[in-house]
Amino acid sequence: MKKGRIIFLNGVTSAGKTSIVEAIQERDDVFFYVVANDLFQEMVGEKFLLQDYWKELSEVIIMMYHTAKLYSDMGKNVLIDGILVEREEIKPHYQQLLEILKDNPLDIVEVFCPLDICRKRNIARGDRYEGQSQEQYELLSKEVQYSMMVDTSKSSPSECAEQIIRKLF
């Protein structure tokens, strides 16, 4: 069976990853299942996240990658809405991702947005704190090899989706 494609949208909070996911899912020419940090974080439960956030989040992120692998192994395309950060609890994060998905077709897309715009988006959203994107940026894995980059400050989510599908398919 041919494995499904895995596209990892990597970027800080409010960079526009989820908006791009939604734009891709609106398309008629390609279908993806979605796994996302936010969705898997909800599986843990607030009580445990409050006790040791990074430990619990790190474990569930690794499970998310195994879930993406399972879908791909079954011939299904998968979008990962996430962020590759290097913290003690998950190091070496990027290498773990590559090891788990080594036999699957993986493309990592950098979802870029200037931090000042992310900060404004965080404030407007209300469910993120103002400096959250900056904090995540400082933790981003530095050695990631990207297949491409999209800039959400210059292109709409649907334009970014079009760029991704055109280049990777």
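**Entry 1: what covers α2**

I began with the surroundings of α2, where the cover over the buried residues includes β2 (33-36), α3 (46-73) and β3 (78-82). I work on a predicted model, in which local features need pLDDT of at least 70 and side-chain atom pairs count only at pLDDT 80 or more, while totals for chains, interfaces and linings use all residues. Residues are numbered from 1 along each chain as its sequence is written, and side-chain values use heavy atoms, with hydrogens and water left out.

For the element names I keep to DSSP runs numbered from the N terminus, helices being H or I with at least four residues and strands E with at least two. Contact, here and below, means heavy atoms within 4.5 Å. Buried means under 20% relative accessible area, exposed over 50%, and partly exposed in between, with a 1.4 Å probe and protein chains only.

Which residues of α2 are buried? In this helix, residues 37-44, I noted N37, F40 and V44 as buried. They lie on the same side of α2, because the arc that they cover around the axis is only 75 degrees, taken from the directions from the helix axis to the C-beta atoms. The general background is that an α-helix has 3.6 residues a turn, so residues three or four places apart point the same way. On the other side of α2 I found E42 and M43 exposed. Just after the helix, G45 takes a positive phi of about 100 degrees.

**Entry 2: α2 against α3**

Next I looked up how α2 and α3 pack, and found that their axes come within 8 Å and cross at roughly 125 degrees. The axes are lines fitted to C-alpha atoms, for helices over the stretch in contact, and angles run from 0 to 180 degrees between N-to-C directions. That angle makes α2 oblique to α3; in this scheme under 35 degrees counts as roughly parallel, over 145 as roughly antiparallel, 65 to 115 as roughly perpendicular, and the rest as oblique. The crossing of α2 and α3 is right-handed, the near helix being turned clockwise from the far one by less than a right angle, whereas anticlockwise would be left-handed.

On the α2 side the contact is made by N37, F40, Q41 and V44, and on the α3 side by F48, L49, Y53, E56, L57, V60, I61, M63, M64 and T67. By class I recorded ten nonpolar, three polar and one charged for the contact of α2 with α3. Here Ala, Val, Leu, Ile, Met, Phe, Trp, Tyr, Cys and Pro count as nonpolar, Asp, Glu, Lys and Arg as charged, and the others, Gly among them, as polar.

**Entry 3: α3 against α4**

How do the axes of α3 and α4 cross? For α3 and helix α4 (residues 93-100), the axes come within 10 Å and cross at roughly 25 degrees, and the two helices are therefore roughly parallel to each other. This crossing of α3 and α4 is also entered as right-handed. I61, I62, Y65, H66 and K69 in α3 meet H93, Q96, L97 and I100 in α4, and the contact of α3 with α4 has five nonpolar, three polar and one charged residues.

In α3 I also checked S58, which counts as buried at 4% relative accessibility. Leaving out residues up to four places away in sequence, S58 touches E89 and I90. In the loop between β3 and α4 I found P92, and a cis peptide bond joins K91 and P92, with omega about -10 degrees.

**Entry 4: the loop between β1 and α1**

In the loop between β1 (6-10) and α1 (17-25) I stopped at S14, whose phi is near 70 degrees, a positive value in a residue other than glycine. S14 is buried, with a relative accessible area of 7%.

T13 lies in the loop between β1 and α1 and is buried at a relative accessible area of 5%. T13 and R128 are 115 residues apart in sequence and 8.1 Å apart in space, C-alpha to C-alpha. Not counting residues up to four places away in sequence, T13 touches C118, N122, R125, R128, Q132, S133 and Q136.

**Entry 5: α5 against α6**

Last I took helix α5 (residues 115-125) and helix α6 (residues 132-139), which pack at an angle of about 135 degrees with their axes 8 Å apart, and α5 and α6 are therefore oblique to each other. L115, C118 and N122 of α5 make this contact with Q132, S133, Q134 and Y137 of α6. By class, the contact of α5 with α6 has three nonpolar, four polar and no charged residues.
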